[in-house]
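Student: I would like to test some labels against their cut-offs. Can we go through them one by one?

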Amino acid sequence: MPRFAFLLLCIVSCADAPTDRITTAVQSMKPADARQLLRMVASVYSTCESYRDSGQVVMIFRGPESWTTVKPFKTVFVRPHRFKYEFTDGNFGGITRRYVVWSDGESTNSWWTIRPSVRRFKTISEAIAGPTGVSGGSAHRIPTLLLGTKGTGNRITDMKEPMVVGTQVLDNGRTTYVVDGKNNQGGKVRVWIDKVSHLLLRINETSSLAGGTNFEQTTTYKPQLNPNVDAKEFSFTPPHQVVLGRLRLDLPTWFSL
């Protein structure tokens with residue numbers, strides 16, 4: 001094979017092959033630039049007209065007893081106050097539990113399988129406080145950024161000691177900035193920020209718990225910026241339930257008792 005053709009083949013092959021390793025960031029990106037990058041992320045979320053995502057939280061506990069929990073979630077939002085968030089948890093013997101927060105612009109409500117009554121709130125920020133802990137934080141991280149100045153609590157974009165450590169091409173082919181930092185409890189945080197849209201694609205957090213257990217949580221997102229959203233997406237009808245001992249099972253909405 002001619003030398004030129006061989007070199008051309010190598011260049012094309014390398015360009016087409018995605019890499020999942022972190023490459024060194026450009027030298028001009030300093031800690032101060034990490035702060036600026038995170039401010040850009042916050043601005044994208046707080047100023048967008050609409051937003052939609054789906055994803056999951058994977059929580060891994062490693063210690064004397066080890067286990068993994070997976071919690072899928074979905075978010076949709078249209079400014080100023082149409083919103084819906086839902087996460088499911090199927091780690092109870094195969095029984096799926098749901099937590100839904102929805103606002104049609106007139107009223108803001110929540111419903112949870114475990115406490116199956118519709119609760120009403122004055123603001124979206126108040127409504128998402130309920131599922132924040134049990135959802136692995138997915139009810140808080142992105143919704144709080146979307147709410148802008150009306151959001152409350154800690155923000156991922158306010159992480160401590162942020163530093164751009166490199167860039168990385170994820171499995172979906174999107175190139176990201178990789179930023180390391182710490183949360184308010186001193187745990188390690190790493191975020192992957194889409195280089196073009198400045199949306200969050202992945203968040204990883206690690207910490208040590210009492211009793212020698214190490215905790216790792218990875219949240220992944222498939223975000224859409226400014227999508228067209230039908231008003232019907234902001235409605236929710238709580239399902240009928242049947243109680244079996246301590247268990248509450250959701251029945252299809254078409255089922256009539």
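Tutor: Start with Ile22, in the loop that links helix H1 (3–16) and helix H2 (31–47). The model is predicted.

Student: Why is Ile22 called partly exposed?

Tutor: Its relative accessibility is 31%. Buried needs under 20%, and exposed needs over 50%. Ile22 meets neither condition, so it counts as partly exposed.

Student: Which residues form a nonpolar surface patch with Ile22?

Tutor: Met163 and Val165. Together the three have about 210 Å² of accessible area. A patch member needs over 30% relative accessible area. Ile22, at 31%, passes that cut-off.

Student: Met163 and Val165 come up again around Asp180, I think. What does Asp180 touch beyond its sequence neighbours?

Tutor: Leaving aside residues within four places, Asp180 is in contact with Met159, Glu161, Pro162, Met163, Val165, Val189 and Arg190. Asp180 itself sits in strand S8 (residues 175–182).

Student: What makes the link between the side chains of Asp180 and Arg190 a polar contact?

Tutor: The distance is 2.6 Å. The limit for a pair of N or O atoms is 3.5 Å, so the pair qualifies.

Student: Is Asp180 buried, partly exposed or exposed?

Tutor: Its relative accessible area is 22%. Buried means under 20%, so Asp180 counts as partly exposed.

Student: How do you know that S7 and S8 pair?

Tutor: Pairing takes at least two bridges. Strand S7 (residues 160–169) and S8 have seven, in the antiparallel sense. One of the bridges puts Val169 opposite Thr175 of S8. The two strands form a hairpin with five residues between them. In the turn, Gly173 has a positive phi of about 85°.

Student: What makes the phi of Glu161 worth noting?

Tutor: Most residues other than glycine have a negative phi. Glu161 is not a glycine, yet its phi is positive, about 50°. Glu161 is placed in strand S7.

Student: Why is Glu161 called exposed?

Tutor: Its relative accessible area is 55%. The cut-off is over 50%, so Glu161 is exposed.

Student: Where is His198, and what is its phi?

Tutor: His198 lies in the loop between strand S9 (188–194) and strand S10 (200–209). Its phi is near 65°, positive in a residue other than glycine. At 14% relative accessibility, under the 20% limit, His198 counts as buried.

Student: Now Glu86. Why is it called buried?

Tutor: Its relative accessibility is 13%. That is under 20%, so Glu86 counts as buried. The residue belongs to strand S3 (residues 82–92).

Student: What does the side chain of Glu86 make a polar contact with?

Tutor: With the side chain of Arg98, at 2.8 Å. The limit is 4 Å for a side-chain nitrogen of Arg and a carboxyl oxygen of Glu, so this pair is also a salt bridge. Beyond four places in sequence, the contacts of Glu86 include Pro72, Phe73, Tyr99 and Val100.

Student: What does the side chain of Thr113 reach at Arg98?

Tutor: The backbone nitrogen, at 2.9 Å. Thr113 is in the loop between strand S5 (108–112) and strand S6 (119–121). At 2% relative accessibility, under 20%, Thr113 counts as buried. Its C-alpha atom is 6.6 Å from that of Tyr99, 14 residues apart along the chain.

Student: Why is Ser103 called buried?

Tutor: Its relative accessible area is 2%, under the 20% limit, so the label holds. Ser103 is in strand S4 (residues 95–104).

Student: Which backbone atoms does the side chain of Ser103 reach?

Tutor: The oxygen of His81, at 3.0 Å. It also reaches the nitrogen of Gly105, at 3.5 Å. Further residues touched by Ser103 include Phe83, Thr108, Ile124 and Phe234.

Student: What makes the peptide bond from Arg79 to Pro80 stand out?

Tutor: Most peptide bonds are trans. The bond from Arg79 to Pro80 is cis, with omega near 10°. Pro80 lies in the loop between strand S2 (67–78) and S3.

Student: Finally, how many helices and strands does the protein have?

Tutor: Four helices and 14 strands. Of its 257 residues, 41% count as buried.

How values were computed
Residues are numbered from 1 along each chain as its sequence is written. This is a predicted model: local features need pLDDT of at least 70, side-chain atom pairs count only at pLDDT 80 or more; totals for chains, interfaces and linings use all residues. Side-chain values use heavy atoms; hydrogens and water are left out. Patches are made of residues with over 30% relative accessible area and no salt bridge: like charges are joined within 9 Å, nonpolar side chains (Val, Leu, Ile, Met, Phe, Trp, Tyr) within 5 Å. Accessible areas come from the Shrake-Rupley method with a 1.4 Å probe; for residues, only the protein chains shown count as cover. Buried means under 20% relative accessible area, exposed over 50%, partly exposed in between (1.4 Å probe, protein chains only). A polar contact is a pair of N or O atoms within 3.5 Å; within protein, one must be able to donate a hydrogen and the other to accept it, and residues adjacent in sequence count only if both atoms are side-chain atoms. Contact means heavy atoms within 4.5 Å.
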